[in-house]
Amino acid sequence: MAVMQREYGRRTLLRQIRHAGRIPRIELSDLTGISRATVTTITAELLSHGLIEEVQRDEAGPDSRRGRPRVDLKIRGAAHLVAGVKVSHHKLSLVLLDFEGEQLAAEECDLPAPVNAPEVLAEAIRDAVSHLATVAGRRAGEVSGVGIGIAGIVEATDGFVHWSPSLSTRNVDFGALLTRTLGTPCFIDNDANLVAVAEQTFGLGREHKDFLVVTIESGVGLGMVIGGALYRGTRGCGAEFGHTKVQLNGALCRCGQRGCLEAYVADYALLREATLVSGLSAEGDAATRVETLLNAARTGDATARSILDRAGQIFAMGLANLVNIFDPELIILAGEQMQLDHLYADAVIDAMRKSIVQVDKAPPEVVVHKWGDLMWARGAAAYALDQVSELALDRLDKDAA
Ligand SMILES: [Zn+2]
């Protein structure tokens, strides 16, 4: 039992130090309820394994006159290097962080094709991580772990990808393939989950225990943080907000079913509707055609406007369903595409508020967080930090046993 308590204590204290940035031992004890003696013992272990370090407190407070300088603990940045990778349609976005979470390098590189064989994608990720390390003046061999965010149905616990729009085959043991190909532990998860991790680690979710992140890219994703922890479901099939049903016998979705939210709000759904009702040309690439549609709406084209309004109203209905199920403190609408403003519009949020259960308390806060692919990659890197910490603590547990 004492061993388990010690293992739990190590994890709790390391997490608390990471969350605080810099913190004295006595405050660690106050915040975690772990006794001062145990805090002293455990932090000595973490120090001797190089995971944390002591720093003198700069400020000249009243304590500094007592002869004993105040000492804070912080994560030791040099302890590990981790990389985060976001797989998008045509490119990889990468960041390299030290163990403290300080960004050392960021890169983007093109993929050979939007859909790749697992081996081809794994090799592209290996080469990109290697290049990223070089940019920071480091070697790929120094990277202790790589987090990878990919769209699709992913079982994060064992790195299994049931399906991904970026892979040419289903049921891929992709985490294991990546670990073999890169020669360092790789951790894979659904990209929307990793955006939730990024919000929890670096962003708007830092101070919240219950929040939802709705990601809007070419599809609609969801990350759920409940009671301070990411909720992943049993088979990695949870949080498929885009495939919740909003219409009986409705429009055909990319997943093969009918009436999914995505079949009304995703790019391809807007284009399908526009081609049908306004005769928008079916020629040309999707991005250009979406731009044409959005421009038409902006310049007052009534048909284009009504297509976007309908997408917004259906999106609002989906959001209201989420609030009615989860009752979160906060909903973060995260996306990088400024052009999808019609989904972030005040009218959409108002429509959502009208469809939720009404009580005499303020509805959940809804905030829009527009960020680029690098922030998705930072989420993947935050996941790697968490997993690399866990591996380091496992080693410490063994050494101490
Ligand atoms: Zn669907």
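At what angle do the axes of helix α6 and helix α13 cross, and within what distance do they come? I will start there. This is a predicted model. Helix α6 covers residues 191–201, and helix α13 covers residues 373–400. Their axes come within 7 Å and cross at roughly 80°. Angles of 65 to 115 degrees count as roughly perpendicular, so α6 and α13 are roughly perpendicular to each other. On the α6 side, the contact is made by Asp 191, Ala 192, Leu 194, Val 195, Val 197, Ala 198 and Thr 201. On the α13 side, the residues are Met 375, Trp 376, Gly 379, Ala 380, Ala 382 and Tyr 383.

Next, the metal site. Which residues coordinate the zinc ion? There is one histidine, His 243, which binds through ND1, and there are three cysteines, Cys 253, Cys 255 and Cys 260, each through SG. The distances run from 2.0 to 2.4 Å. Along the sequence, the spacing of these donors is H-x9-C-x1-C-x4-C. The angles among the four donor atoms are 102 to 119°. Four donors count as tetrahedral if all angles lie between 85 and 135 degrees, so the site of the zinc ion is tetrahedral. For reference, the ideal angle for four tetrahedral donors is 109.5 degrees.

Two of those cysteines can be put side by side for accessibility. Cys 253 has 5% relative accessibility and counts as buried, because the limit for buried is under 20%. Cys 255 has a relative accessible area of 39%, so this cysteine is partly exposed.

Staying with cysteines: how many disulfides does the count come to? The count is zero. Take Cys 109 as a case. The nearest cysteine sulfur to Cys 109 belongs to Cys 186 and is 15 Å away. A disulfide needs a pair of cysteine sulfur atoms within 2.5 Å, so Cys 109 is in no disulfide. Cys 109 is partly exposed, at a relative accessible area of 27%.

Now to Asp 110, in strand β5, which spans residues 103–110. Is Asp 110 buried or exposed? Its relative accessible area is 67%, so Asp 110 is exposed. Leaving out residues up to four places away in sequence, Asp 110 touches His 90 and Lys 91. For a distance across the model, the C-alpha atoms of Asp 110 and Met 317 are separated by 36 Å, with these positions 207 residues apart along the chain.

Ala 266 sits in the loop between α7, residues 262–265, and α8, residues 267–278. With a relative accessibility of 3%, Ala 266 counts as buried. Its C-alpha atom and that of Val 172 are separated by 26 Å, and the two residues are 94 apart along the chain.

Last, backbone angles. Most residues other than glycine have a negative phi. Asn 249 has a positive phi, near 50°. Where is Asn 249? This residue lies in the loop between β12, residues 229–231, and α7. At 67% relative accessibility, Asn 249 counts as exposed. Asp 327 also has a positive phi near 50°. Asp 327 lies in the loop between α10, residues 302–326, and β13, residues 330–335. Asp 327 is exposed, with a relative accessible area of 61%.

That is the end of my part.

Conventions
Residues numbered from 1 in each chain as written. Predicted model: local features only at pLDDT ≥ 70, side-chain atom pairs only at ≥ 80, totals over all residues. Heavy atoms only, no water. Donors = N, O, S within 2.8 Å, 3.2 Å for Na, K, Ca; no water. Tetrahedral: all angles 85-135°; square planar, octahedral: opposite > 155°, others 65-115°. Buried < 20%, exposed > 50% of the residue type's maximum accessible area, 1.4 Å probe, protein only. Helix = DSSP H or I, 4+ residues; strand = E, 2+ residues; numbered from the N terminus. Contact = heavy atoms within 4.5 Å. Axes fitted to C-alpha atoms, helices over the stretch in contact; angles between N-to-C directions. Parallel < 35°, antiparallel > 145°, perpendicular 65-115°, else oblique.
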